[in-house]
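Hi,

Here is the structure I said I would pass on. Have a look at it first, and my notes on what turned up are underneath.

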Amino acid sequence: YKTHYPPLLPVLISQSYRLFGVSETSARLVPFTASLLLVIAIYILADKLFGRDEAFISSILLASSPLFIYFGTQPVHESVVPAFSLFAVLGYIYFFERPSVVPYFLLVSGVVLGGLTNWTGFYIVPPLVLHYFLFKKRSIHHYLMGILIPLCIGIFILHILHMQWLTGGKIGLGGIFLKRLNPYLSAELTGYSLPRYIWQEITYLRIYLTNIAGIGAGVWLTRLFFKRLTHQVSMADTILFALLIYGSLHLVIFQDLAFIHDYMIYYLMPFVVLAAAFIFTSILHKLPKRFRLIFILVLVGLMTSERASFTKALIISDMNTKGVEIGEFISRHTNTGDTVFITSNSYKEFYEVFINFYAARHVEYGETLPQILVNYRLIVRPKAHDALPIQAKTYLSTHFAKYENSKFIWYDTAKIAYE
């Protein structure tokens, strides 16, 4: 993980490694646990805001969405933060109703743990603070909500100091922030434009959260608009709108990042499933009792089948297989402490994290040969992207022992060619 991310996720994964050994399963255990907590939080939140039926349907919507099924076990920050944020929302609701130590502790814990996992954990604070100040105008506890803002700033400052300690002052955070803040800086490379971006995010929502959930959430937003006109907005409506703000902030602020990475819509998932569950339950309660079971069965069938083939394709996808394969290859053919050179910058760009994990060696990359080749135990040319110039290939073949299989050509610098 990059040092400009907060430290909690790597710490949690390292503890999973310590308990269960270093493996892909151990790494996925952390986001899997967070995803399980997210389902529980969604159920409790829906039950608190609406009722048991909405809790059941929202949980099914969440658990059956391709976004949750695939990315919910990926060891990335986005799969962990929403669980903390939802428990912060639960703490807030209980604190809003009856201020006391326990709900406030749950609220603060959710904010702190979310912020220590990723910057996006702070997104839940602005809508909650704004909500409290709007709907608790005469409360004597305003300062307890207001203190969340300097708390987030303090955590962020500590994070910057931690980065400076890790990198020796070479943070580069300002450059990263400015690049992500202005999507037009990389528009020539990514093809970004605002209309294309908006349409792409809508498409992602339809694909990853299903049309059914998207239609339900859209109907809820239309309903909210008309309720606002008649001043009939409920507490549950305002909390859902706060979740909409929470899920949208990342997409609005860091459009460059969201344009490149489809899973940035993960933060919108709680709003979508809760809003859709409310609409579907409203329809359910208006049906005659004899039709309700049929409606539930049809709805569950549609939710689980709409994107079933797409979900299966995601699960069996091999997008990062090349990085896993070359990492395992390096691990088998070298010893601890060896350095390896891979002749492809593309492998560094797309697979570096996977190569580092599976190789457990120091790996460098380039498409021209380094000056001192004997510093490297192996020189590996991946056939999938063999970018080395012909002169360099000839030099390696005439000076070092050459080996080949169906995926790689590699040179052992400890053995000269005529051996």
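Strands E1 (residues 339–342) and E2 (residues 362–365) run parallel and are joined by 4 bridges. Keep in mind throughout that this is a predicted model. Between the two strands the chain passes through helix H20 (residues 345–359), giving a β-α-β crossover that is right-handed. On the other pairing of E1, 3 bridges tie it to strand E3 (residues 378–382), again running parallel.

Phe341 is a handy residue to click on here. Its bridge partner in E2 is Glu364, and its bridge partner in E3 is Ile379. As for the side chains of E1, Thr339 and Phe341 point one way while Val340 and Ile342 point the other way, and all of these are buried.

Now zoom out to the whole sheet. It is an open sheet of 5 strands in the order E2-E1-E3-E5-E4, and the pairing is mixed. Which strands sit at the edges? They are E2 and strand E4 (400–404), each of which pairs on one side only. On average, neighbouring strands are turned by 25° against each other, ignoring direction.

The antiparallel part involves E5. Strand E5 (residues 408–416) is joined to E3 by 5 bridges, running antiparallel, and E4 and E5 also run antiparallel, with 5 bridges between them. E4 and E5 make a hairpin, with 3 residues between the two strands. Tyr411 in E5 is a good landmark for this part: Ile379 stands opposite Tyr411, and so does Lys402. If you start from Phe341, you can step to its partner Ile379 in E3, then from Ile379 over to Tyr411 in E5, and on from Tyr411 to Lys402.

Two helices are worth showing together with the sheet. H20 lies across E1, E2 and E3, and runs at about 170° to E2. Helix H21 (residues 390–399) packs on the sheet too, touching E3, E4 and E5, and its direction makes about 110° with that of E4.

Back at the start of the chain, helix H1 (residues 8–20) has 13 residues and reaches 18 Å from its first C-alpha to its last, close to the 18 Å expected at 1.5 Å a residue. Its buried residues are Leu8, Leu9, Ile13 and Ser16. Why do they line one face of the helix? Seen down the axis of H1, the buried residues fall within an arc of 130°, so they line one face. As background, an α-helix has 3.6 residues a turn, so residues three or four places apart point the same way. What covers the buried residues of H1 includes helix H2 (24–49), helix H5 (81–97) and helix H6 (101–117). Just after H1 comes Gly21, with a positive phi of about 90°.

Gly21 is a glycine, but a couple of other residues have a positive phi as well. For context, most residues other than glycine have a negative phi. Here are the two I looked at:

- Thr210 has a positive phi of about 75° although it is not a glycine. Thr210 lies in the loop between helix H12 (194–209) and helix H13 (211–229). Its relative accessible area is 4%, so it counts as buried, the cut-off being under 20%.
- Ala360 has a phi near 55°, again positive in a residue other than glycine. You will find Ala360 in the loop between H20 and E2. With a relative accessible area of 52%, Ala360 is exposed, because the cut-off for that is over 50%.

One more loop residue for your list is Ile140, which is found between helix H7 (125–135) and helix H8 (142–146). Is Ile140 buried or exposed? It is exposed, with a relative accessible area of 67%. Ile140 and Pro99 are 41 residues apart in sequence and 10.0 Å apart in space, C-alpha to C-alpha.

Finally, the overall numbers. The secondary structure comes to 21 helices and 5 strands. Buried residues make up 46% of the 419 residues. The C-alpha atoms fill a box of roughly 85 × 50 × 45 Å along the principal axes. Taking contacts between residues at least 6 apart in sequence, 69% join residues at least 24 apart.

Cheers

Terms used: Residues numbered from 1 in each chain as written. Predicted model: local features only at pLDDT ≥ 70, side-chain atom pairs only at ≥ 80, totals over all residues. Heavy atoms only, no water. Buried < 20%, exposed > 50% of the residue type's maximum accessible area, 1.4 Å probe, protein only. Pairing = 2+ DSSP bridges. Right-handed = clockwise from strand over helix to strand, strands pointing away. Expected span 1.5 Å × (residues − 1). Arc of directions from axis to C-beta. Contact = heavy atoms within 4.5 Å. Axes fitted to C-alpha atoms, helices over the stretch in contact; angles between N-to-C directions.
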